[in-house]
Structures are given as structure tokens and as C-alpha cells.
Amino acid sequence: MPEKTETKTCDALLLEYELGGKLAVDPVKLVFGGVDGQDVYNIAAPYEDEGELVIAGRVESRDSERSRIVFFVERDGVWMPREGAPTFALQDPFHTRIGGELVIGGVEVYLHPQREGALAWRTVFYKGARIADLEPFFTGPDGMKDLRLVELADGGIGVFTRPQGEKGGRGKIGYARASSLSGLTLRLIEDAPLLDGQFEDGEWGGANELHPLAGGLVGVLGHIACFDERGDRHYYPMAFAFDPATGRHSDIEVIATRRRFLPGAAKRADLVDVVFSGGLVRRPDGTALLYAGISDAEAHRLTITDPFLKYER
């Protein structure tokens, strides 16, 4: 695995991407129905459940952030809510498989217990043999989004964290190991050491989806973000590799930008340049399908070079 080098800003990573001539083709805007005109965005990558592909998406009105996670199946080119599937009052769905079970998670938003009128958030996890069987089993620390799990080659659980505040600033990635899902604790997560040199002060990022790679590494699909001088937000999909055995990790690389996707709507003017990595479907031909939330209003897909293939050679 290449050695980690210096910390790079969003601008530096963006320049590397634009000069690198990376593959970005076949952009697609996903069409959703059955949601009464609400937006569907920050989707997870599709996965198979009971013999059909399912996409979990964040559903909300354009003028609200009161969200729910809905499971969609494709019907004649339109993604429709799956009949009989549960919905959850959460944001930003994600999924993985651990011990043969489906693990689904999302962000719960609730009223801040100390600050009147303010909101707080935490990551909630469900598990089950299939979507119909999902039951809650763990709630992460208050104030932490982008908490992700992965089954490691040795059977342990890799836990990627994202504290904010005194420890993590606007948001940095940490890592800890649990022996099993039952070994997850708030203390383990809160004490997870941060990965060195990933984000400049004032910028932030997090893990969105984790991929076990051949050879025991973990491919991390995530986002890196910053504000510009006007206060507008800029979110870029990024990727890096992590070695659970040593704690070493590669440099972050930007893997797509907003302009590589199709034109579309935005929730607000300050969110136009936001691409939120939802998931990656790796393909045998060396490409990958990147599923992403666009401008907090839409869900798109883009074909890119598989960012993790080089770590498996």
C-alpha cells in the first residue's frame, strides 16, 4: 500500500483530480416515484434482498430536513417504494453484511437535550436476515454521524468513527476494532484514535461505505468537504485504503465532482456543489458504479475507475 504523504486541502485534491483525467462517464439521474413529490437523495448503493435489487434512500420535502429512509425497487425504470417494507425516521442510509446478516444504519435527528431549539444527531443500527426482519441493535454516541462497520478478514469488526468538536473539529475519521457486534460500546467508539493527516483544520470528512479488499485491507469510500469564502459548502467523493493490521492508510483521492454528473436541482443555493458518496458497486471490468446524493435534492449514478483495484494487485 502506498505510504501516506502530506495532508492535502480540498483545493489540492480537486486539482489533482482535474489534472488526472480520471474516467467519469455514463452519468444517470435515478427516477423515484411513490413519494408524493418529495426528494430522494443520499442513497446507498443497491444490494440484493430476497432475490431483487433494493436501494435505500433519504426521502424528505425540499423545504424540510424531516426525513425517513425508504426501501425502493425498480419497476419499469422507476424506483418505487417496496411494498410491505419498513421505513425508518432516519437520514442517510447505509448497509453492510456482517456474520451473514444484513446491517442497515442511518442518522437519527432529535431535539438537543441542553440547547433549546437546537437539534442533535446519532447513528442508529439495525440488523436481520433480510429487510423484513430488521431490528435495532446499537445506537452510537450522541453527536456522531458517519459511523460505519465492516467485517474484517479475521472475523473482527472494523469500526470507523467521526467525532466532532474538541477531538475531531468539524469531523475527522477514527478507527477501532471490536471482536464482534456484541462488543460494540460507546466507550470503544469515543476512544477510537484518529487517522493521522487526513483533513486540514477547517475542512472535514467521513466514511460512507467500507469495502473488504483482497489481502485484508479495507477500501474506504467517503467524502471530504469545505466551505468557500461565501459560506457555500463543497462536498467531494473520496477514497483511500486502510490496513486494519497496522493502522496505516493511503492518501485520500477525490474520485468525482459535481460537474461530472447530470445537471439537476439543489435544496439550497449553498448546496449546489455537494456530492455525498452513497455507495460503490465494483465491476469485473475495472470500473465501478458510484451512487451519490446530489445537492441534497437528487440521486445520481456515475461510472468511474474502481478506486480500490490498485490496492488488490
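This passage describes aromatic pairs, salt bridges, a buried polar residue and a surface patch in a predicted model.

Aromatic contacts are considered at the outset. A pair of aromatic rings is described by the distance of the centres and the angle of the planes. A search of the whole structure yields 11 aromatic pairs. In one of them, F88 and Y126 adopt a tilted arrangement, with 4.2 Å from centre to centre and 35 degrees between the planes. This pair links distant parts of the chain, since F88 lies in the loop between β6 (78-81) and β7 (91-98) and Y126 in strand β9 (residues 119-128), 38 residues apart. Both F88 and Y126 are buried. An edge-to-face pair is formed by W204 and Y235, whose ring centres are 5.9 Å apart and whose planes are at 80 degrees. Here too distant parts of the chain are linked: W204 belongs to strand β14 and Y235 to strand β16 (residues 233-242), with the two positions 31 residues apart in sequence. W204 is buried, as is Y235. In addition, ring pairs join F94, F125, F137 and F138 into a cluster.

Strand β14 (residues 204-212) also holds N208. With a relative accessible area of 2%, N208 is buried, because residues under 20% are placed in that class. The side chain of N208 makes a polar contact of 2.8 Å with the side chain of H223. The N208 side chain also reaches the backbone oxygen of S277, at a distance of 2.9 Å. When neighbours within four places in sequence are left aside, the residues in contact with N208 are F94, R148, L221, G222, H223, F276 and S277. Of these contacts, F94 is also a member of the aromatic cluster described above.

Charged side chains form a further set of interactions. Side chains of opposite charge can pair when their charged atoms come close. The count of salt bridges in the model comes to 32. One of them joins E50 to R130, with the closest N and O atoms 2.8 Å apart. The two partners come from distant parts of the chain: E50 is in the loop between β3 (47-49) and β4 (52-60), whereas R130 is in the loop between β9 and β10 (135-139), 80 residues apart. E50 is exposed, having a relative accessible area of 52%, while R130 is partly exposed at 33%.

A second salt bridge is found between the side chains of R177 and D154, with an N to O distance of 2.9 Å. R177 is located in strand β13 (residues 174-178) and D154 in the loop between β11 (148-151) and β12 (157-161), so this bridge ties together parts that are 23 residues apart in sequence. The relative accessibility of R177 is 41%, and this residue therefore counts as partly exposed. D154, at 55%, counts as exposed.

In a third salt bridge, K172 is paired with D201, and the closest N and O atoms are 4.0 Å apart. This pair again connects distant parts of the chain, with K172 in the loop between β12 and β13 and D201 in the loop between α2 (186-190) and β14, 29 residues apart. The two partners have opposite surface classes: K172 counts as buried at 17% relative accessibility, whereas D201 is exposed at 70%. Beyond such individual pairs, a network of salt bridges links R58, E60, E65, D92, R233, K267, R268 and D270.

Two further features concern the surface and a buried tyrosine. V109, L111 and L119 together make a nonpolar surface patch of about 290 Å². Within this patch, V109 is located in strand β8 (residues 101-111). V109 is partly exposed, with a relative accessible area of 34%; this value allows V109 to contribute to the patch, because patch residues must have over 30% relative accessible area. Y291, by contrast, counts as buried, with a relative accessibility of 7%. Y291 is part of strand β19 (residues 287-294). From Y291 to T305 the separation is 14 residues in sequence and 13 Å in space, C-alpha to C-alpha.

Conventions:
Residues are numbered from 1 along each chain as its sequence is written. Side-chain values use heavy atoms; hydrogens and water are left out. Patches are made of residues with over 30% relative accessible area and no salt bridge: like charges are joined within 9 Å, nonpolar side chains (Val, Leu, Ile, Met, Phe, Trp, Tyr) within 5 Å. Accessible areas come from the Shrake-Rupley method with a 1.4 Å probe; for residues, only the protein chains shown count as cover. Helices (H or I, at least four residues) and strands (E, at least two) are DSSP runs, numbered from the N terminus. Buried means under 20% relative accessible area, exposed over 50%, partly exposed in between (1.4 Å probe, protein chains only). A polar contact is a pair of N or O atoms within 3.5 Å; within protein, one must be able to donate a hydrogen and the other to accept it, and residues adjacent in sequence count only if both atoms are side-chain atoms. Contact means heavy atoms within 4.5 Å. Rings of Phe, Tyr and Trp (its six-membered ring) pair if their centres lie within 6.5 Å; planes under 30 degrees apart count as stacked, over 60 as edge-to-face and the rest as tilted.
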